[in-house]
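Here is a short note for a colleague who has not yet looked at this structure. Please read the points below with the sequence and the model at hand.

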Amino acid sequence: MSAITIKREGRKVLAIGVMSGTSHDGVSAALVELDERSGPPARLIAFQTFPYPPRLRKELLAASADEKIGAAAISTLNFALGRELGRAAIKIARRAHVGR
C-alpha cells in the first residue's frame, strides 16, 4: 500500500473508507479525521458495519462460489455493490452528523 499525502493548508480533513470482506456480510464504513499536525495524524470518528440485504448477500455468495453466472449478472452485482458502498458512506456521515 502506498502513502497518501493530503495538503490542506493545515486544516483538518474528514475521509470515509468503505470495504466489503470475503464473508459478504455487509459493508464496513469508517469516518476518520486527518490532521498531519496531530499525533497520530488520523482519528477514528465513527465505524459501523451495515449488513447486506439478504438477497444481495445470497447473490454475492453465489458469484464468489464459482457458480456459473453471466456477464449481465456480474454487471448487475457490480452496480448493486456500488449502491451499498455509497449508502454505507452516507449512513456513517449522517451518524456522525457530518454536514449539519
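**Notes on the predicted model**

1. A pair of facing residues is a convenient place to begin. In this predicted model, Ala-15 lies opposite Val-32 of β2. The strands concerned, β1 and β2 (residues 26-34), are paired in the antiparallel sense over 7 bridges. Strands of a sheet pair through backbone hydrogen bonds, and the pairing is either parallel or antiparallel.

2. The whole sheet comes next. It is open, has 3 strands in the order β1-β2-β3, and its pairing is antiparallel. At the edges are β1 (13-19) and β3 (42-51), each of which pairs on one side only. From one strand to the next the twist averages 15°.

3. What packs on the sheet, touching β1, β2 and β3? Helix α2 (residues 71-95) does, and its direction makes about 130° with that of β3.

4. The largest nonpolar core has 12 residues in all: Val-27, Ala-29, Leu-31, Ala-46, Phe-50, Tyr-52, Leu-56, Leu-60, Leu-77, Ala-80, Ala-88 and Ile-92. At least two residues of this core are supplied by each of β2, β3, α1 (54-64) and α2. The largest share, 4 residues, comes from α2. In soluble globular proteins, nonpolar side chains tend to be buried together.

5. One core member, Leu-77, can be followed further. Neighbours within four places in sequence aside, Leu-77 is in contact with Leu-56, Glu-59, Leu-60, Ala-63 and Ile-69.

6. Two histidines deserve a check of their backbone angles. His-24 has a positive phi of about 55°, and His-97 has a positive phi of about 60°; neither His-24 nor His-97 is a glycine. Most residues other than glycine have a negative phi.

7. Is His-24 buried or exposed? With a relative accessible area of 13%, His-24 is buried, because the cut-off for buried is under 20%. His-24 is found in the loop between β1 and β2. Apart from neighbours within four places in sequence, the contacts of His-24 are Tyr-52, Arg-57, Leu-60, Leu-61 and Ser-64. Among these, Tyr-52 and Leu-60 also belong to the largest nonpolar core.

8. The other histidine, His-97, sits in the segment after α2. His-97 has 52% relative accessibility and therefore counts as exposed, the cut-off being over 50%.

Definitions and conventions. Residues are numbered from 1 along each chain as its sequence is written. This is a predicted model: local features need pLDDT of at least 70, side-chain atom pairs count only at pLDDT 80 or more; totals for chains, interfaces and linings use all residues. Side-chain values use heavy atoms; hydrogens and water are left out. Two strands pair if DSSP finds at least two bridges between them. Axes are lines fitted to C-alpha atoms, for helices over the stretch in contact, and angles run from 0 to 180 degrees between N-to-C directions. Contact means heavy atoms within 4.5 Å. Buried means under 20% relative accessible area, exposed over 50%, partly exposed in between (1.4 Å probe, protein chains only). A nonpolar core is a set of buried Ala, Val, Leu, Ile, Met, Phe, Trp, Tyr and Cys residues joined through side-chain atoms within 4.5 Å.
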